[in-house]
Amino acid sequence: MNRGYLLAIVRGDHDVNEPKLTKAAERFVGEAVRVAMAPGSARARRRFAIGFVGPHAILGRHDTFMLVDPDAARVDSGRPARTRVDRHVKHFNWSREAGDVLADPTKVAIADIRNAAAGDPSPKNDGGKLVASKGIEIGHVFKLGTKYSDALGANYLDDQGNQHPLIMGCYGIGVGRILIAAVESLHDDKGIIWPAAIAPFSVHHHADQIRR
């Protein structure tokens, strides 16, 4: 797809996930691609309203292709569809608005390219729904790959006796993060309520010893 355009189509109330989009785009075209998120490149902006491109933009263009999220590919999603800057339409219908464009596998592919959202159905098809809630990051895990093992020469031998660099990872729990999480989740209008396990000091008194 030399110097062509690959449009990412999601429902108007959904957001594109860039890593998902990049992987799906490379599978579709069979080569590395450059994803132009809003505001996009100058060349793309001259042709499309980046962030508000509707499926009809592919019609009559031989250099334009589409990746469509499954939710957006429904015949009538009942959800808003973006058609031009600051304009959405509801009850978008593929057959009515864009013709039978989904039928051409060389021009259109269906792929999961959006962020998950509250209310999404469970992938296990068990009737469950995704619930969004606030969380506090206390620990983290990083996949380091072979960056450090290549530099250190940390290799292993496979069953054929060939050397390969170790694939490394690390994880950690931040002491400072634990304190911040405790303060955020355990407090009242008078201040911090320290859990006994991490309180900086202990206080013990009897009620009859308190004097005003």
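Let me start with Asp 69, which counts as buried at 2% relative accessibility. The cut-off for buried is under 20% relative accessible area, so Asp 69 qualifies at its 2%. Keep in mind throughout that this is a predicted model.

Where is Asp 69? You will find Asp 69 in the loop between strand 2 and strand 3. What does Asp 69 touch, if we leave out residues up to four places away in sequence? The list is Ile 9, Val 10, Ala 111, Asp 112, Ile 113 and Arg 114.

One name on that list, Arg 114, also forms a salt bridge with Asp 69, at 3.4 Å from N to O. This pair links distant parts of the chain. Arg 114 sits in the loop between strand 5 and strand 6, Asp 69 in the loop between strand 2 and strand 3, and the two are 45 residues apart. Is Arg 114 buried or exposed? Arg 114 is buried, with a relative accessible area of 7%. The two residues also belong to a network of salt bridges, in which Asp 69, Asp 71, Arg 114 and Asp 120 are linked.

Next, the sheet. It is an open sheet of 3 strands in the order 1-2-5, and the pairing is parallel. Strand 1, residues 5-9, and strand 5, residues 108-110, are the edge strands, each pairing on one side only. From one strand to the next, the twist averages 20°.

How many bridges join strand 1 and strand 2? There are 5, in the parallel sense, with strand 2 covering residues 64-68. As an example of the register, Leu 7 has Met 66 in strand 2 as its bridge partner. Helix 1, residues 18-29, packs on this sheet and touches strand 1, strand 2 and strand 5. The direction of helix 1 makes about 130° with that of strand 2.

On the other side of the pairing list, strand 2 and strand 5 run parallel and are joined by 3 bridges. Here Leu 67 has Ala 109 in strand 5 as its bridge partner.

Why is strand 2 described as largely enclosed by the rest of the structure? Because 5 of its 5 residues are buried. In a regular strand, side chains alternate between the two faces of the sheet. For strand 2, both faces are covered. Thr 64, Met 66 and Val 68 are buried on one side, and Phe 65 and Leu 67 are buried on the other.

Back to salt bridges. The whole structure contains 6 of them, and I will take two more. In one of them, Glu 137 and Arg 177 meet through their side chains at 2.7 Å, N to O. Glu 137 lies in the loop between strand 5 and strand 6, while Arg 177 is in helix 5, residues 175-185, so the pair ties together parts that are 40 residues apart in sequence. Glu 137 counts as exposed, at 53% relative accessibility. Arg 177 is partly exposed, with a relative accessible area of 31%.

The other salt bridge joins Asp 13 and Arg 11, whose closest N and O atoms are 3.1 Å apart. Asp 13 is partly exposed, its relative accessible area being 37%. Arg 11, in turn, is buried, with a value of 11%.

Now the chain as a whole. It has 212 residues, of which 24% count as buried. Its secondary structure comes to 5 helices and 11 strands. Among contacts with a separation of 6 or more, 58% are between residues 24 or more positions apart. The chain exposes about 15300 Å², and carbon and sulfur atoms supply 54% of that area.

Last, confidence. What pLDDT does the chain average? The average is 81, and 81% of the residues score at least 70. Over residues 77-82, however, the pLDDT is below 50. That stretch still has 31 contacts in the model beyond near neighbours in sequence.

To recap, Asp 69 is buried at 2% relative accessibility and shares a salt bridge with Arg 114. Strand 2 has 5 of its 5 residues buried, and it pairs in parallel with strand 1 and with strand 5.

Notes
Residues numbered from 1 in each chain as written. Predicted model: local features only at pLDDT ≥ 70, side-chain atom pairs only at ≥ 80, totals over all residues. Heavy atoms only, no water. Pairing = 2+ DSSP bridges. Helix = DSSP H or I, 4+ residues; strand = E, 2+ residues; numbered from the N terminus. Axes fitted to C-alpha atoms, helices over the stretch in contact; angles between N-to-C directions. Contact = heavy atoms within 4.5 Å. pLDDT = per-residue confidence, 0-100. Buried < 20%, exposed > 50% of the residue type's maximum accessible area, 1.4 Å probe, protein only. Areas by Shrake-Rupley, 256 points an atom, 1.4 Å probe, with all protein chains shown as cover. Salt bridge = Lys/Arg side-chain N within 4 Å of Asp/Glu carboxyl O.
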